[in-house]
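Reader: Hi! Could you walk me through the charged pairs in this one?
Author: Happy to, let's pull it up.

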Amino acid sequence: MIIGDRRAEVVENIRKAANERNLNAKVEVNDPKLTTEQSAALVERYIKRRDKVSFKAKSYCSRKIVNTFTKALNKETEIIGIENMDGIKGGAIITCNHFNPVDNTAVRTLVRRLGKKRINIVSQETNLAMTGMVGFLMNYSDTIPISQSASYMQRDFLAVIKGLLDNDEFVLIYPEQEMWFNYRKPRSLKRGAYYYAAKLGSPVISCFVEIQDLEENDTEEFKKVKYILHILPTIYPDPNKTVKENSVIMCEQDFNQKKEAYEKAYGKELNYDFEYEDIAGWIGES
C-alpha cells in the first residue's frame, strides 16, 4: 500500500543515503518537525493520559479500525518460522525491518494469530503530532513514543515497557530507527531495543519481512507487493553478562540473522550499493 506523496524524492534520498552508507538517515520529506519543548509536551501528555478511561476507550476503537485494516491488507501475507517462538511463555520485544507505515500490520497479523489482542508499537514522538484520522490512529493504536529526553527514556518509557512485558504483551521496536520506504534490505541496527531487552530480561523475537512484487500496478510509480514475514531464532539475554554486553551481542546477532534471511530470500549477498530494484514495486523513473 502506497502511503505518502513525493515518493520519487524519497527514493532519491534512499539512493544517496545508501551509497553514503548513512543507513539510519531520515529520508522522508514530510515528517513533522518539533522543537525540544514540543516533543517534551507530547510525551508528557501521553504519560498523563494513557491510564485514563477516555484514552483506553479511544485505544479500543482505534485497535478495532487497525485490526480491520490489517485483515484486509494481509490477505496474501505469509508467515514462516513460527516454530521459532515455541519457547516464549510471556512478554517479548519484537524487532523488524522498517520500510512502510503499515509494515507493522504483518507483525500484527502474527500476534493476532497467536491469540493476543494487541501489539504495542514504539514510535517516533513526531507521529503523535499528526492530525486527522492518521493522527488519531498514531495516538491511540497502542503506540509508545520515544523521545530525545534521557529522563523520559530512562524513567517513564522504561516503566511502560516493563509493565507491558510483565503483562505478557509483545512490544514492537524498529532498531533501524528510520523508515525507508519499500527498501528491501536490512539496515544497521541501533542498540536501544536490545538494551531494554537486556535490562528487563526479555527475549527478542527477531523478524524480517521479505517483499515480493506482484504483477498489478498500485500507482504509476509502484506495483502492488506482498509480504512474507520470516520469524528467526529467538534471542535471549545471557544472565551472566552485563546489560551493555548483552545489548551489543544481541544487536549483532539480530543483524546477522536478518542479513542471512535477506540473502536467503533474495538469493544475493547483502551490500549497500544502491540499485532501483532495492525499492520493492518501484516502476518509476530510474
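Author: Let's start with Arg118, which forms a salt bridge with Glu169, their closest N and O atoms being 2.6 Å apart. Keep in mind that this is a predicted model.

Reader: Nice. Where do Arg118 and Glu169 sit in the chain?
Author: Arg118 is in the loop between helix H4 (104-113) and strand S3 (120-124), while Glu169 is in the loop between helix H6 (150-166) and strand S5 (170-173). The pair links distant parts of the chain, 51 residues apart.

Reader: And is Glu169 buried or exposed?
Author: Glu169 counts as buried, at 11% relative accessibility. Arg118 is partly exposed, with a relative accessible area of 25%.

Reader: Which residues are linked with Arg118 and Glu169 in a network?
Author: Arg63 and Asp142 join them in a network of salt bridges.

Reader: Switching topic: what do Lys185 and Asp278 do?
Author: Their side chains meet in a salt bridge, 3.3 Å from N to O. Lys185 lies in the loop between S5 and helix H7 (192-200) and Asp278 in the segment after helix H8 (243-266), so the pair ties together parts 93 residues apart in sequence. Both Lys185 and Asp278 are buried.

Reader: Cool. What about Arg7 and Glu28?
Author: Those side chains also meet in a salt bridge, at 2.7 Å from N to O. Arg7 is in helix H1 (residues 7-19) and Glu28 in the loop between H1 and helix H2 (36-49), 21 residues apart. Both Arg7 and Glu28 are buried.

Reader: Last one: how many salt bridges are there in the whole structure?
Author: A search of the whole structure finds 20.

Terms used: Residues are numbered from 1 along each chain as its sequence is written. This is a predicted model: local features need pLDDT of at least 70, side-chain atom pairs count only at pLDDT 80 or more; totals for chains, interfaces and linings use all residues. Side-chain values use heavy atoms; hydrogens and water are left out. A salt bridge is a side-chain nitrogen of Lys or Arg within 4 Å of a carboxyl oxygen of Asp or Glu. Helices (H or I, at least four residues) and strands (E, at least two) are DSSP runs, numbered from the N terminus. Buried means under 20% relative accessible area, exposed over 50%, partly exposed in between (1.4 Å probe, protein chains only).
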